[in-house]
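Dear colleague,

I am passing on the structure below, together with an account of what was found in it. Please have the sequence and the coordinates open while you read.

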Amino acid sequence: TYNLTKTRVLKKVRELTSDDSSSRLEIESRSINRIVEKRIESDDGVFGFPDCLLINHEEITIIDHKTGRVLDEAGQPRASIRLQMFYYAYLCNENHGSWPTKLLVNSFEDGWHEIDYTPAEAKAAVERGKLLQEEFNRAIVDENLRALANPGEETCQYCDFRPVCPN
């Protein structure tokens, strides 16, 4: 199903960035550099694979396509979607020297949604991620795997190790 989804996403990106004026995504100028499904990485090891970067002079739009729902109960983009887009914004700045002007998510179920953000939010999200990674790595080196556990009914409901877990 991954390859089928990938094919559908790439087809949608081509449609949305084509010269056809009926495209649902409005782009002022057609002198656009399109970067599709390319790994982008920062010097500090953070990386990601945004579905599409549209670079038009000083404006950068990041587009990510989702096959499932992206909205929470309040009708807002879920926190995990926002976090992913914050990472892409950070990586965009690290690689292209400027922050994106738009973060767009296209859900095949929920439609198009723009993610509002500030560079400070994106930086803070990435810094929190780096700290969590350091904690995780420290726990592995110290062989303190219990420090990583977060047992609870919701957390453990699908865990394969529930029958043998001491918690």
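**Notes on the structure**

Ile32 sits in the loop that links helix 1 (2-16) to strand 1, and it is a convenient place to begin, with the reminder that everything described here belongs to a predicted model. With a relative accessibility of 17%, Ile32 counts as buried, because the cut-off for that class is under 20%. Its C-alpha atom is separated by 6.3 Å from that of Leu54, although the two residues are 22 apart along the chain.

As for the overall make-up, the protein comes to four helices and seven strands, and these follow one another along the sequence in the pattern α-β-β-β-β-β-α-β-β-α-α. Of the 167 residues in the protein, 34% are buried, while the protein exposes about 11,200 Å², of which carbon and sulfur atoms supply 48%. If one takes the contacts between residues at least 6 apart in sequence, 53% of them join residues at least 24 apart.

The sheet deserves a fuller description. Five strands make up an open sheet, arranged in the order 1-4-5-6-7 and with mixed pairing. Its edges are strand 1 (33-36) and strand 7 (111-114), each of which pairs on one side only. On average, and with direction ignored, neighbouring strands of this sheet are turned by 20 degrees against each other. Helix 2 (residues 79-96) packs on the sheet, where it touches strand 1, strand 4 (52-56), strand 5 (59-66) and strand 6, and the direction of helix 2 makes about 145 degrees with that of strand 5.

Going through the pairings in turn, strand 4 and strand 5 run antiparallel and are joined by five bridges, with Asn56 standing opposite Glu59 of strand 5. The hairpin of these two strands has two residues between them, and in this hairpin His57 takes a positive phi near 60 degrees. Strand 5 and strand 6, by contrast, run parallel and are joined by six bridges; here Ile63 has Leu104, in strand 6, as its bridge partner. Strand 6 (residues 102-107) is in turn joined to strand 7 by four bridges, and these two strands run antiparallel, Leu104 having Glu114 of strand 7 as its bridge partner.

Strand 5 itself is mostly covered, since seven of its eight residues are buried. Thr61 lies in this strand, and its relative accessible area is 14%, which falls under the 20% cut-off and therefore makes Thr61 buried. Once its neighbours within four places in sequence are left aside, Thr61 is in contact with Cys52, Leu53, Leu54, Thr101, Lys102 and Leu104.

Finally, what makes up the nonpolar patch of about 360 Å² on the surface? It is made by Phe136, Ile140, Leu145 and Leu148. Of these residues, Ile140 has its place in helix 3 (residues 119-141). Ile140 has a relative accessible area of 41%, and it is classed as partly exposed because this value lies between the 20% and 50% limits.

With best regards

Key. Residues are numbered from 1 along each chain as its sequence is written. This is a predicted model: local features need pLDDT of at least 70, side-chain atom pairs count only at pLDDT 80 or more; totals for chains, interfaces and linings use all residues. Side-chain values use heavy atoms; hydrogens and water are left out. Patches are made of residues with over 30% relative accessible area and no salt bridge: like charges are joined within 9 Å, nonpolar side chains (Val, Leu, Ile, Met, Phe, Trp, Tyr) within 5 Å. Accessible areas come from the Shrake-Rupley method with a 1.4 Å probe; for residues, only the protein chains shown count as cover. A salt bridge is a side-chain nitrogen of Lys or Arg within 4 Å of a carboxyl oxygen of Asp or Glu. Buried means under 20% relative accessible area, exposed over 50%, partly exposed in between (1.4 Å probe, protein chains only). Two strands pair if DSSP finds at least two bridges between them. Axes are lines fitted to C-alpha atoms, for helices over the stretch in contact, and angles run from 0 to 180 degrees between N-to-C directions. Contact means heavy atoms within 4.5 Å.
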